[in-house]
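Student: I am new to this structure and should be grateful for a close look at one part of it. Please take me through the pocket and whatever adjoins it.

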Amino acid sequence: MTTGITASRPRTSLPRALARIALGAFLLLAGISHLTTNREAFQAQVPEWLPLDADFVVVASGVVEIALGLALIALPRQRVLVGWITAAFFVAIFPGNISQFVTATDSFGLNTDLARGIRLLFQPLLVLWALWSTGAWQAWRAARTTDGARR
């Protein structure tokens, strides 16, 4: 039985490839800003209940974002796996966005509940962007169809 992660890579279209590269660039820039200009702003988003040093979380997530950004751009043959990992990363950092909303923490110009709430709506779109642009969702569906036909 194959999974969407190990299934053969679907062919990619130019719009998907451009979206994957754009997401990679976005993650690269965000990761660099974690380590430099926005380090303090990102620390404000680390949930207080997380039993880790806020600066460590910001640095670690910045390094992960840089690695994912580079992988999205430089490893097109691994795009399906990288897509799943990127989507999982976006899910993993979602509690920080929820915490910022619940605690009404001002950061990145998000200084109203409405602004913080709108930002929450964009996190699922990042997950979908990662899955669509890398063909990860398409590979998973193709594997399900293939596995279902074998039974």
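Tutor: In this predicted model, the lining of the largest pocket is made up of 31 residues. Those that lie nearest the centre of the pocket are His34, Gln45, Glu65, Ile93 and Asn97. The volume of this pocket is about 670 Å³.

Several helices take part in the lining. At least two residues each are supplied by helix 1 (14–35), helix 3 (54–74), helix 4, helix 5 (94–102) and helix 6. Helix 3 gives the largest share, with seven residues. Sorted by class, the lining residues are 23 nonpolar, six polar and two charged.

Two of these contributors, helix 4 and helix 6, also pack against each other. Helix 4 covers residues 79–92 and helix 6 residues 113–133; their axes lie 8 Å apart, at an angle of about 175°. Because angles over 145 degrees count as roughly antiparallel, helix 4 is described as roughly antiparallel to helix 6. On the side of helix 4, the contact is formed by Gly83, Trp84, Thr86, Ala87, Phe90 and Val91, and on the side of helix 6 by Gln123, Leu126, Val127, Ala130 and Leu131. Eight of the residues in this contact are nonpolar and three are polar, while none is charged.

One residue of that contact, Trp84, deserves a separate word. Trp84 belongs to helix 4, and its relative accessibility of 22% means that it counts as partly exposed. Between Trp84 and Thr134 there is a separation of 50 residues in sequence, yet their C-alpha atoms are 8.5 Å apart in space.

Conventions: Residues numbered from 1 in each chain as written. Predicted model: local features only at pLDDT ≥ 70, side-chain atom pairs only at ≥ 80, totals over all residues. Heavy atoms only, no water. Axes fitted to C-alpha atoms, helices over the stretch in contact; angles between N-to-C directions. Helix = DSSP H or I, 4+ residues; strand = E, 2+ residues; numbered from the N terminus. Parallel < 35°, antiparallel > 145°, perpendicular 65-115°, else oblique. Contact = heavy atoms within 4.5 Å. Nonpolar A, V, L, I, M, F, W, Y, C, P; charged D, E, K, R; others polar. 1 Å grid on protein atoms, 1.4 Å probe; cavity = no way out; pocket = protein on both sides within 12 Å on 5 of 7 lines; lining within 4 Å. Points joined across faces, edges and corners; volume = space filled by probe spheres on them. Buried < 20%, exposed > 50% of the residue type's maximum accessible area, 1.4 Å probe, protein only.
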